[in-house]
Amino acid sequence: MEVKIGIQNVNREIVLESSETAEAIAEIASKAITGGTELRLTDSKGRQVIVPASVLGYVEIGAEEQRRVGFGAL
């Protein structure tokens with residue numbers, strides 16, 4: 001699942017691939033924003049991303065999609 005995190009006053013967004021479900025990521029982001037704590041996510045390779053909730057601009061959660069196999073017409 002692709003997650004994009006926008007940070008206030010920063011032009012680039014943080015993009016990571018997570019093995020969590022969309023509901024789990026949305027719950028973690030909601031708790032961080034309402035609680036004023038940091039947003040802490042782990043990507044599919046085990047790396048952690050920590051962003052203070054006070055500087056969060058947005059969290060975009062991609063749709064859950066199965067990986068495609070093979071070649072197809074574009």
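## A walk through a small predicted fold

Let's start with one pair of side chains: those of arginine 40 and glutamate 38 meet in a salt bridge, with 3.3 Å from N to O. Arginine 40 counts as partly exposed because its relative accessibility is 41%, and glutamate 38 is also partly exposed, at 36%. Keep in mind as you look around that this is a predicted model.

Now zoom out. The protein has one helix and five strands, and if you read along the sequence you meet them in the pattern β-β-α-β-β-β. There are 74 residues in the protein, and 24% of them are buried. About 5700 Å² is exposed, with carbon and sulfur atoms supplying 49% of that area. The chain also brings distant parts of its sequence together: take the contacts between residues at least 6 apart in sequence, and 48% of them join residues at least 24 apart.

Let's follow the strands from the start. β1 pairs with β2 (residues 14-17) in the antiparallel sense, over four bridges. As one example, lysine 4 has valine 15 in β2 as its bridge partner. Together β1 and β2 make a hairpin with six residues between them. Have a look at asparagine 9, which sits in the loop between these two strands. Most residues other than glycine have a negative phi. Asparagine 9 isn't a glycine, yet its phi is positive, at about 65°. Is this residue buried or exposed? With a relative accessible area of 84%, asparagine 9 is exposed.

β1 has another partner too: it pairs with β5 in the antiparallel sense, over five bridges. Here isoleucine 5 stands opposite valine 59 of β5.

Next comes the helix, α1, which runs over residues 22-35. You can check its length yourself. At 1.5 Å a residue, its 14 residues should span 20 Å, and the C-alpha atoms at its two ends are indeed 20 Å apart, so the two figures agree. Which residues of α1 are buried? They are Ala22, Ala24, Ile25, Ala29 and Ala32. What do they pack against? The buried residues of the helix pack against β1 (2-7), β3 (38-42) and β5 (56-61).

The helix has a charged pair of its own. Glutamate 27 and lysine 31 join their side chains in a salt bridge, 3.2 Å from N to O. Both belong to α1 and lie four residues apart, about one turn of the helix. Here's the general idea behind that spacing: an α-helix has 3.6 residues a turn, so residues three or four places apart point the same way. And side chains of opposite charge can pair when their charged atoms come close. Glutamate 27 is partly exposed because its relative accessibility is 45%, while lysine 31, at 53%, counts as exposed because the cut-off for that is over 50%.

Just after α1 comes glycine 36, with a positive phi of about 75°. Threonine 37 lies in the loop between α1 and β3, and at 42% relative accessibility it counts as partly exposed. Not counting residues up to four places away in sequence, threonine 37 touches Lys31, Ala32, Pro52 and Ala53. Its C-alpha atom is 8.9 Å from that of valine 51, which is 14 residues away along the chain.

So far we've looked at pieces; what about the inside? In soluble globular proteins, nonpolar side chains tend to be buried together. In this model, the largest nonpolar core has 13 residues, and those with the most contacts inside it are Val3, Ile5, Leu39 and Leu41. β1, α1, β3 and β4 (48-52) each give at least two residues to this core, with α1 providing the largest share, four residues. Try clicking on leucine 39. Leaving aside residues up to four places away in sequence, leucine 39 touches Ile5, Ile28, Ala29, Ala32, Val49, Ile50, Val51, Leu56 and Val59.

Finally, back to where we began, with charges. How many salt bridges does a search of the whole structure find? The count is four. Besides the pairs you've already met, one of them joins arginine 47 and aspartate 43, whose closest N and O atoms are 3.0 Å apart. Aspartate 43 is buried, because its relative accessible area is 10%.

Note on methods
Residues numbered from 1 in each chain as written. Predicted model: local features only at pLDDT ≥ 70, side-chain atom pairs only at ≥ 80, totals over all residues. Heavy atoms only, no water. Expected span 1.5 Å × (residues − 1). Buried < 20%, exposed > 50% of the residue type's maximum accessible area, 1.4 Å probe, protein only. Contact = heavy atoms within 4.5 Å. Areas by Shrake-Rupley, 256 points an atom, 1.4 Å probe, with all protein chains shown as cover. Core = buried A, V, L, I, M, F, W, Y, C linked by side-chain atoms within 4.5 Å. Pairing = 2+ DSSP bridges.
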